[in-house]
Amino acid sequence: MPFVTRLTLQSGDRESLERVVTDIKNRASRKGVEMRGPNPEPLEERRVPMQKRLDADDESFGPWRYTVYVRTITIIGHDEFARAVAGEEYPPGIHLGADVERVQSAG
């Protein structure tokens, strides 16, 4: 029974994210790995409130706004490749999440 690994990569740095995703895609292609993606997810706009001082409740700057870029990759089977990709060190600012699902054949 094969496993399906879904990798979710997130970053506020679009260029760095694209380099990482392209590298994974190229390596998968060279090794003959069955892969879907990278698929872009809708942009996530984030807002973080900013206080001028730690002890003042009423003084604040405008919120800090930033965009998070998300790409998903699905690897079918090829457990060793998926494990290697999920265990790698990525540049600062690139966050990786992995979901593994066991697929059972009908019958």
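Confidence in the chain is highest in helix α1, at a mean of 94, and lowest in strand β3, at 84. I begin there since this is a predicted model. Over the chain, the mean pLDDT is 87, and 92% of the residues reach 70 or more.

Let us turn to the nonpolar interior. In soluble globular proteins, nonpolar side chains tend to be buried together. Here, the largest nonpolar core has 17 residues. Leu 9, Ile 24, Ile 73 and Ile 75 are those with the most contacts inside this core. Which elements give two or more residues to the core? They are β1, α1, β4, which spans 60–76, and α2, which spans 79–86. Helix α1 gives the most, with 5 residues.

Please find Ile 24 on the screen. Leaving aside neighbours within four places in sequence, Ile 24 is in contact with Leu 9, Ile 73, Phe 81, Val 85 and Tyr 90. Leu 9 and Ile 73 therefore appear twice in this account: each touches Ile 24, and each is among the core residues with the most contacts.

Next, consider Leu 96, which lies in strand β5, residues 95–102. Is Leu 96 buried or partly exposed? With a relative accessibility of 27%, Leu 96 counts as partly exposed. Not counting residues up to four places away in sequence, Leu 96 touches Leu 7, Thr 8, Leu 9, Val 85, Ala 86 and Tyr 90. Leu 96 and Gln 10 are 86 residues apart in sequence, yet their C-alpha atoms are 6.6 Å apart in space.

I now come to the charged residues. Side chains of opposite charge can pair when their charged atoms come close. How many salt bridges does the structure hold? There are 6, and I shall describe three pairs.

The first pair I shall show is Glu 41 with Arg 6, whose side chains meet at 3.7 Å, N to O. This pair links distant parts of the chain, 35 residues apart. Glu 41 sits in the loop between β2 (34–40) and β3 (44–51), while Arg 6 belongs to strand β1, residues 3–11. Glu 41 counts as partly exposed because its relative accessibility is 30%. Arg 6, at 37%, is partly exposed as well.

Another pair joins Asp 23 to Arg 27, with the closest N and O atoms 3.0 Å apart. How are these two residues placed in helix α1? They are 4 residues apart, so about one helical turn separates them. Asp 23 is partly exposed, at 36% relative accessibility. Arg 27, in contrast, counts as buried at 17%, because the cut-off for buried is under 20% relative accessible area.

The last pair is Arg 46 with Glu 44, where the closest N and O atoms are 2.5 Å apart. Arg 46 has a relative accessible area of 33% and is partly exposed; Glu 44, at 28%, is partly exposed too. Elsewhere, salt bridges that share partners join Asp 23, Arg 27 and Glu 88 into one network.

Finally, let us look at the surface. Which residues form a nonpolar patch there? Met 50, Phe 61 and Trp 64 do, and together they have about 330 Å² of accessible area. One of them, Phe 61, lies in strand β4, an element that also gives two or more residues to the core. Phe 61 counts as partly exposed because its relative accessibility is 48%.

Thank you for your attention.

Terms used: Residues numbered from 1 in each chain as written. Predicted model: local features only at pLDDT ≥ 70, side-chain atom pairs only at ≥ 80, totals over all residues. Heavy atoms only, no water. Salt bridge = Lys/Arg side-chain N within 4 Å of Asp/Glu carboxyl O. Buried < 20%, exposed > 50% of the residue type's maximum accessible area, 1.4 Å probe, protein only. pLDDT = per-residue confidence, 0-100. Contact = heavy atoms within 4.5 Å. Core = buried A, V, L, I, M, F, W, Y, C linked by side-chain atoms within 4.5 Å. Patch = residues over 30% accessible without salt bridge, like charges linked within 9 Å, V, L, I, M, F, W, Y side chains within 5 Å. Areas by Shrake-Rupley, 256 points an atom, 1.4 Å probe, with all protein chains shown as cover.
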